[in-house]
Amino acid sequence: MRKLIAYSLCFVLTGCASLATQMKTQLDIHPMALQTELVNGISPNQFRQAEQADELILSEYTIVTTDRLYSRVYPLVLQLIEVSHNPTMTPVVRILEDESLNAFVTGGAFIYVNTGLIQESESDDILAGVLAHELAHLNAGHNPRSQRRSLWTNLAALVAGRVAQSDSAKEVINTVRALAEPAYSREHEREADVLGVIYAHRAGFNSSALASFFIKTAQYEKEMQLKAEQALKESYYAAQDICRRSGTTSEKCKKYSQAYTEKKQRYESMELARSPLFRSHPIDSERIELIHSLHAYLNNEGPIPQNPTAQKVLSVLDFLESDKPVLKEAIKLHNEGYLDQAERLYLDVLKTDPTQSQAAFNLGDLYANKGWIQAAIENYEYGLKYEDRSDIRIKIDELYKKLRSPSHNIR
Ligand SMILES: [Zn+2]
């Protein structure tokens, strides 16, 4: 089990997407998703599933209860929750006996931290940075791509004992692995980075520590890769040597060759090596840059980050923390699918205060979803007069591209 998850980490599961893909991701995400999730918190259904997941995780891991480790982690979690968007949450924090660097959440209020991560985090700033990032995934309601409906169905069957004994052990390992290695979309990772940095900052931690952790993790993964390559090489030469001395048909030669083949297969399936995306992107410079620029901005040492996700999250938080009842009502209706009523309220907001850029941006989203591209562009451009947002400029570029595409029906 340990090997299976040894080199996984939710943080390293994203690579550098091309600019075109990034732009597409921006548009594919429902514009209001973050807003809604931050307000709604964890659903009872998510919590039930997380309880089942917890049962399975407990069957695979040894839980560490030593005061020294627990008393380091738990207060950090509480400090972060207090400044988060779900301050009344009462989380279950589990420390898992595992030397790999990992921390993950399961969708309910369950937070898991490996002993390896605690030991490797030289300062509480680093540990708080990782925990804040995980808490952000929880609060923002991010569903990992690796945890589709089938996983939860499997999980329920396993917990209820409805899986044949012979398949059970393998199923448990696969399911726990999917839980401990959640693969979030690139955009959700960015959101969690931004929100996590903000939580860590608000709780009084050095919010740039997360960047140091990324760099450290990258080095760790690289060392693991080198070790695995070395072991593979040694196994190859050992097999060659044995076969030369005892003959290629000897039992010994067969045994050593078999061992080498197995090692190679494991290496190739990435169980011994770094996570696939990290292999091709040793250090994700975009993420590190994002954290550094946001840290500088929050400490009044730099301008607002150019990163579109950072601007989107900051504007969502601004809105959530402001007192704008009509706009809030409009967004609620928008989220619930009452588009005509939402549209009317957005227009009301703009009539009362023409500088309410958020209303114009949301109106743009609403028209874009309806396919009214010209109207969407006009509203986005109107909002930009009062608030410069790079995420909105990306949306406009995408819409112009759509307008120019031959398949588009102009409305
Ligand atoms: Zn993450």
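In the predicted model, three strands form an open sheet in the order β1-β3-β2, and the pairing within this sheet is mixed. Strands β1 and β2 lie at the edges, each pairing on one side only. From one strand to the next, the twist averages 15°. Strands of a sheet pair through backbone hydrogen bonds, in either a parallel or an antiparallel manner. Both arrangements occur here: β1 (residues 92-96) runs parallel to β3 and is joined to β3 by five bridges, whereas β2 (residues 103-105) runs antiparallel to β3 and is joined to β3 by three bridges.

Individual bridge partners define the register of these pairings. On the β1 side, arginine 94 is partnered by tyrosine 112 of β3, and leucine 96 is partnered by asparagine 114 of β3. On the β2 side, the partner of valine 105 in β3 is isoleucine 111. Strands β2 and β3 form a hairpin with four residues between the strands, and in this hairpin glycine 107 adopts a positive phi near 105°.

Strand β3 (residues 110-114) is mostly covered, with five of its five residues buried. In a regular strand, side chains alternate between the two faces of the sheet. In β3, Phe110, Tyr112 and Asn114 point one way, while Ile111 and Val113 point the other way, and all of these residues are buried. The β1 partners described above, arginine 94 and leucine 96, are thus bridged to residues from one of these two sets, namely Tyr112 and Asn114. Isoleucine 111, the partner of valine 105, belongs to the other set. Helix α5 (residues 67-82) lies across β1 and β3 and runs at about 145° to β1.

Beyond the sheet, helices supply much of the annotated secondary structure: the chain comprises 20 helices and three strands. Of its 411 residues, 37% are buried. Among contacts between residues at least 6 apart in sequence, 69% join residues at least 24 apart.

Two helix pairs were examined in detail. Two packed helices are described by the angle between their axes and by the distance between the axes. Helix α4 (residues 44-60) packs with helix α9 (residues 165-180) at an angle of about 115°, the axes being 10 Å apart. This angle makes α4 roughly perpendicular to α9. The crossing of α4 and α9 is left-handed. From α4, the contact involves Ala53, Leu56, Ile57, Ser59 and Glu60, and from α9 it involves Val172, Thr175, Val176 and Leu179. By class, the residues in the contact of α4 with α9 comprise six nonpolar, two polar and one charged.

The second pair consists of helix α16 (residues 325-336) and helix α17 (residues 339-352), which pack at an angle of about 160° with their axes 8 Å apart. Helices α16 and α17 are therefore roughly antiparallel to each other. The crossing of α16 and α17 is also left-handed. In this contact, Val326, Leu327, Glu329, Ala330, Leu333 and His334 of α16 meet Leu339, Gln341, Ala342, Leu345, Tyr346, Asp348 and Val349 of α17. The residues of the contact of α16 with α17 include nine that are nonpolar, two that are polar and two that are charged.

Two individual residues outside these elements were also characterised. Asparagine 300 is located in the loop between α14 (285-298) and α15 (308-320). Phi of asparagine 300 is near 55°, a positive value in a residue other than glycine. Asparagine 300 counts as exposed because it has 6 C-beta neighbours inside 10 Å, the cut-off for this class being 12 or fewer.

Isoleucine 373 is found in helix α19 (residues 373-384). With 19 C-beta neighbours inside 10 Å, isoleucine 373 counts as partly exposed, since a buried residue requires 20 or more. When neighbours within four places in sequence are left aside, the contacts of isoleucine 373 are Ala368, Leu399, Lys402 and Leu403. One of these, leucine 399, is 26 residues from isoleucine 373 along the chain, yet the C-alpha atoms of the two residues are separated by 6.5 Å.

Key:
Residues are numbered from 1 along each chain as its sequence is written. This is a predicted model: local features need pLDDT of at least 70, side-chain atom pairs count only at pLDDT 80 or more; totals for chains, interfaces and linings use all residues. Axes are lines fitted to C-alpha atoms, for helices over the stretch in contact, and angles run from 0 to 180 degrees between N-to-C directions. Angles under 35 degrees count as roughly parallel, over 145 as roughly antiparallel, 65 to 115 as roughly perpendicular and the rest as oblique. A crossing is left-handed if the near helix is turned anticlockwise from the far one by less than a right angle, and right-handed if clockwise. Two residues are in contact if their C-beta atoms, placed from the backbone, lie within 7 Å. Ala, Val, Leu, Ile, Met, Phe, Trp, Tyr, Cys and Pro count as nonpolar, Asp, Glu, Lys and Arg as charged, and the others, Gly among them, as polar. Two strands pair if DSSP finds at least two bridges between them.
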